[in-house]
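Biologist: Thanks for making time today. Could you walk me through this model, one topic at a time?

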Amino acid sequence: TGADKKALASQPQPQPQPQPQQSAASPPSQNPYRERLLRLFVKYDPDKANSAEALLQKYAGKEEAMIAALAKRYGPEPPEEEASAAGGAVANEESSSNPYEARLIRFYERYAPDNVAKVAAILEKYSGNEEAMFAALVKKYGPEPEDDEAEDETSDSEDPYRARLICFYTAYAPDNVSKVDAILKKYAGNEEAMFAALVKKYGPEPESEEQGNEDDDEEASELAPTES
């Protein structure tokens, strides 16, 4: 009846119980080594980025040794800001890589392997003065090593003009030592004329160490007493 309906309406209606909110599944904690490994592969060997998980499982507990071995093989470990999120970014990163980086890595791999890990910091320090930096390194350690492809193309016996030109520039113009290969290529077939012009510009051609040793031997033999 109408009275019953009014009585029912006046009674407090049970409030629906709030449903417990289902917390969104939190992503699994990121393995810090995974990010470091991906950065290495993204920079140096993008094709192996897919194998990161398998490597982490294989070297579980030995991640630092694994990262160190990869850094020794490829180059210094990239900082976090260099990580790329997509394949397009990888292409951009490769195209914008510092051309001096590979040269400096080769240099330190030959003469001072402990410094390979410091390449990025050294390049940042000498940004804009890279050629002067290489000239100083050549003066300190020796001639700049060629890349593997260039070494494969050259014969085992080093070009005698190259050694002479390095010796010349080391004595008179150290900044030009890193340009020796390009200069020899430019003057191929006219090396003697090139040296004549350099002597006229700078001064007499310095003796190489081998030539100096030969002269010392000859002088010693002349001074040595002869048997009667």
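**Surface, fold and cores**

Modeller: Happy to! The chain has an accessible surface of about 16500 Å², and carbon and sulfur atoms make up 51% of that surface. Please keep in mind that this is a predicted model.

Biologist: Good to know. How many helices and how many strands are in the chain?

Modeller: Reading from the N terminus, the elements run α-α-α-α-α-α-α-α-α-α-α-α-α. The count is therefore 13 helices and zero strands.

Biologist: Which share of the contacts with a separation of 6 or more comes from residues 24 or more positions apart?

Modeller: Let me set burial beside it: of the 228 residues of the chain, 26% count as buried. For contacts with a separation of 6 or more, the share from residues 24 or more positions apart is 64%.

Biologist: Which residues touch the most other members of the largest nonpolar core?

Modeller: That core has 25 residues. Those that touch the most other members are L104, Y108, M133, L165, Y169, M194 and L198.

Biologist: And which elements give two or more residues to this core?

Modeller: The contributors lie between residue 99, where helix 6 (99-111) starts, and residue 202, where helix 12 (191-202) ends. In full, they are helix 6, helix 7 (119-125), helix 8 (130-141), helix 10 (160-172), helix 11 (180-186) and helix 12. There is also a second, separate core of ten residues, including L40, F41, L56 and L70.

Biologist: Let's pick L165. What is L165 in contact with, leaving aside its neighbours within four places in sequence?

Modeller: L165 is one of the residues that touch the most other members of the largest core. With neighbours within four places set aside, its contacts are V180, I183, L184, M194, F195 and L198.

**Rings and charges**

Biologist: Now the rings. Is the pair of F107 and Y111 stacked or tilted?

Modeller: The structure holds twelve aromatic pairs, so here is one of them. F107 and Y111 are four residues apart in helix 6, which means about one helical turn separates them. F107 is buried at 0% relative accessible area, whereas Y111 is partly exposed at 26%. Their ring centres are 5.0 Å apart with 45° between the planes, which falls between the 30 and 60 degree limits, so the pair is tilted.

Biologist: Is the pair of Y111 and Y141 stacked or edge-to-face?

Modeller: Here the centres are 5.7 Å apart. This pair links distant parts of the chain, with Y111 in helix 6 and Y141 in helix 8, 30 residues apart. Y141 is partly exposed, with a relative accessible area of 28%. The planes differ by 20°, under the limit of 30 degrees, so the pair is stacked.

Biologist: Over which ring does the charged end of R103 sit?

Modeller: Ring pairs link Y100, F107, Y111, F134 and Y141 into a cluster. Elsewhere, R164 lies over the face of F195, at 4.0 Å from the ring centre. As for R103, its charged end sits 4.1 Å from the centre of the ring of F134.

**A glycine in a loop**

Biologist: One last stop. Is G203 buried or exposed?

Modeller: G203 is found in the loop between helix 12 and helix 13 (209-223). Leaving aside neighbours within four places in sequence, G203 is in contact with F168, Y172 and L198. The C-alpha atoms of G203 and Y172 are separated by 8.3 Å, with their positions 31 residues apart along the chain. The relative accessible area of G203 is 12%, under the 20% cut-off, so G203 is buried.

Terms used
Residues numbered from 1 in each chain as written. Predicted model: local features only at pLDDT ≥ 70, side-chain atom pairs only at ≥ 80, totals over all residues. Heavy atoms only, no water. Core = buried A, V, L, I, M, F, W, Y, C linked by side-chain atoms within 4.5 Å. Buried < 20%, exposed > 50% of the residue type's maximum accessible area, 1.4 Å probe, protein only. Contact = heavy atoms within 4.5 Å. Phe/Tyr/Trp six-rings, centres within 6.5 Å; stacked < 30°, edge-to-face > 60°. Lys NZ or Arg CZ within 6 Å of the ring centre and 35° of its normal. Areas by Shrake-Rupley, 256 points an atom, 1.4 Å probe, with all protein chains shown as cover.
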